[in-house]
Amino acid sequence: MGDRTRWIAIAALGIAVLSLAANVVLIRKLRNPQQWALPAVIEFLETLAAEDASFTYEVRLPAGTPLALDLPVDETFSVAVDTVIPIRTEARLPIDSPLGSYTVTVPVRADVPLRTRVPIRIRHTFELRTRTTDEIVFPLEIRIRDLPLDSLFGS
């Protein structure tokens, strides 16, 4: 019976060594899962992009959510000006003559038409600080082909 126990012990030891070796191999493979998972993910996403796949999601902001937004504005507008500028004034003209110096008051009456386009540039950061009064839902649809897959995976 001792011989039988000895063979069982050797078999158990062999199974333990094989199990340990298998565990070492699995741990080494799982240490860097991106090496074997990344190509599969890239192939899957490329397939989805070729099929023009997209995913949708709704972003919900509940009522009472505080908002702090800085909205930069840099716009140029062209404003049309079409008006008449009335001039109603008096000009005092000095006159030197052989009889002496005099100041003559001359009335000036004119209507000057002004027609032009004035460019106006607005550069400002609009600060919005408020809270939502109602729930706001932003529906998003993102097409896979619009994602920067090259920069995500370093390809």
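Here are three short exercises, each with a worked solution, on a predicted model.

**Exercise 1. Work out where T65 sits, whether it is buried or exposed, and what it touches.**

Step 1: Find the spot in the chain. T65 belongs to the loop that links β1 (54-61) to β2 (66-97).

Step 2: Check the accessibility. The relative accessible area of T65 is 19%, and the cut-off for buried is under 20%, so T65 counts as buried.

Step 3: Look for a polar partner. The T65 side chain comes to 2.6 Å from the backbone oxygen of P62.

Step 4: Now skip the neighbours within four places in sequence. That leaves T65 in contact with T130, R131 and T132.

**Exercise 2. Do likewise for L67: which element holds it, and what does it touch?**

Step 1: L67 is part of strand β2.

Step 2: Its relative accessibility is 22%, so L67 is classed as partly exposed.

Step 3: Leave out neighbours within four places again, and L67 is in contact with L61, L128, R129, T130 and T132.

Step 4: Try a distance, too. From L67 to A80 you count 13 residues in sequence, and their C-alpha atoms are 37 Å apart in space.

**Exercise 3. Test whether the length of helix α1 agrees with what its residues should span, then say how many of them are buried.**

Step 1: Helix α1 covers residues 2-31, which makes 30 residues.

Step 2: Use 1.5 Å a residue, taken times one less than the number of residues. The expected span is 44 Å.

Step 3: The end C-alpha atoms of α1 are 43 Å apart, which agrees.

Step 4: The number of buried residues in α1 is zero, so the helix lies largely in the open.

Note on methods: Residues are numbered from 1 along each chain as its sequence is written. This is a predicted model: local features need pLDDT of at least 70, side-chain atom pairs count only at pLDDT 80 or more; totals for chains, interfaces and linings use all residues. Side-chain values use heavy atoms; hydrogens and water are left out. Helices (H or I, at least four residues) and strands (E, at least two) are DSSP runs, numbered from the N terminus. Buried means under 20% relative accessible area, exposed over 50%, partly exposed in between (1.4 Å probe, protein chains only). A polar contact is a pair of N or O atoms within 3.5 Å; within protein, one must be able to donate a hydrogen and the other to accept it, and residues adjacent in sequence count only if both atoms are side-chain atoms. Contact means heavy atoms within 4.5 Å.
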